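Work through these exercises with the model open beside you. Try each task before you read its solution.

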Amino acid sequence: QNKIKAGISFGGADNSISILSNHLEYSRQFGGKLSADLKLTSLSQSGNGISRFNLSDVYLTANYAASEMVRFTAGVKIPLNSANTEHDDIPLPMDYQSSLGTFDLLLGFGFAIQKLQLAVALQQPLTQNENVFIAANSPAEVLQEFQSTNKFQRSGDVLLRLSYPLALGEKLTLTPSVLPIFHLANDKYTDENDIEREIEGSQGLTLNANAFLDYNLTETSALQLGVGLPLVVRDARPDGLTRSFLASLEYRFRF
């Protein structure tokens, strides 16, 4: 009825920034159909002479299994900061923020057709953050090429994950997947003249390829190795979430 997950991931972000993220998650099963998840995340970023580490978000979700093949999810993402971190009293762009700083609604629907697994989800910000970065006003020359995100207004995302698990023995499973994410509208910011502007090219599709290798250590514990990289990216990615590659390791324990 209980499951704990702990994981770490490493990747490359835009603008020569490396990231190291961590998560800790607890899941509880309530009967045969209902479960709930609580997840805590943190993020470290380094590059261009700037290093930052901070807590990111708390995810709280409820899951309902309508059948063995159909599952619904609803929840929220609660930010642990307002995306207004500074370095030496200099406001930083979203690329160095550990959270989007938004309170988000999460809705998901998953179903299976034999071994083929499909999931559709919406992540919609209900609030916006307090970032104040304006590239033209930054005294740090290295930051003047970044996208301004003062009074940043982020749009929502719709994603579709398509997965197909392949058993490689009694203990090993390989799951390749594709993950298209569509950003619903151009994001916005307010420039140094207090004029609100759209960030052209921030709307559109990102297509990611992923693969997960699961190894069952015992009946109650397992390891998962994951890798991912983007195949298609948007022209503008002001939220700092794009990764040139990502590798992750997660430990799971059921009790």
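## Overall size and make-up

The protein chain has 255 residues; a compact globule of that length would have a radius of gyration near 18 Å, and the chain agrees because its value is 19 Å. This radius is taken over C-alpha atoms, and the globule rule is 2.2 Å times the number of residues to the power 0.38. The model is predicted: local features need pLDDT of at least 70, side-chain atom pairs count only at pLDDT 80 or more, and totals for chains, interfaces and linings use all residues. Residues are numbered from 1 along each chain as its sequence is written, and side-chain values use heavy atoms, with hydrogens and water left out.

**Exercise 1.** State how many helices and strands the protein chain has, and how far its C-alpha trace spans.

*Solution.* Start with the elements. The protein chain has zero helices and 17 strands. (Both are DSSP runs numbered from the N terminus: helices are H or I with at least four residues, strands are E with at least two.) Next, take the principal axes. The C-alpha trace spans about 60 × 30 × 30 Å along them.

**Exercise 2.** Find what share of the residues is buried, and what share of the contacts joins residues at least 24 apart.

*Solution.* Buried residues make up 40% of the 255. (Buried means under 20% relative accessible area, exposed over 50%, partly exposed in between, with a 1.4 Å probe and protein chains only.) Now turn to contacts, meaning heavy atoms within 4.5 Å. Take those between residues at least 6 apart in sequence: 56% of them join residues at least 24 apart.

## Strand pairing

**Exercise 3.** Trace the partners of strand β12 (residues 172–183).

*Solution.* Two strands pair if DSSP finds at least two bridges between them.

- Step 1: β10 (residues 157–163) pairs with β12 in the antiparallel sense over five bridges. Here Leu-159 stands opposite Ile-181.
- Step 2: β11 (residues 166–167) also pairs with β12 in the antiparallel sense, over two bridges. Ala-167 has Thr-173 as its bridge partner. The hairpin of β11 and β12 has four residues between the strands, and Gly-169 takes a positive phi near 135° there.
- Step 3: β15 (residues 204–216) and β12 are antiparallel, with twelve bridges. Phe-182 is partnered by Leu-205 in β15.

**Exercise 4.** Do the corresponding job for strand β8 (residues 104–113).

*Solution.* First, β5 (residues 70–79) runs antiparallel to β8, joined by eight bridges. Val-76 stands opposite Leu-105 in β8. Second, β9 pairs with β8 in the antiparallel sense over ten bridges. Gly-108 has Ala-121 in β9 as its bridge partner. Finally, look at the hairpin of β8 and β9. Two residues lie between the strands, and Gln-114 takes a positive phi near 55°.

## A loop with buried residues

**Exercise 5.** Are Leu-143 and Asn-150 buried or exposed, and what do they touch?

*Solution.* Locate Leu-143 first: its place is in the loop between β9 and β10. Leu-143 counts as buried because its relative accessibility is 2%. Beyond neighbours within four places in sequence, its contacts include Ile-50, Ile-90, Leu-92, Tyr-96 and Phe-133. Asn-48 is 95 residues away along the chain, yet its C-alpha atom is separated from that of Leu-143 by 8.8 Å.

Now take Asn-150. It lies in the loop between β9 (116–125) and β10. Its relative accessibility is 9%, so Asn-150 counts as buried. Leaving out residues up to four places away in sequence, Asn-150 touches several residues, among them Asn-131, Phe-133, Tyr-189 and Asp-191.
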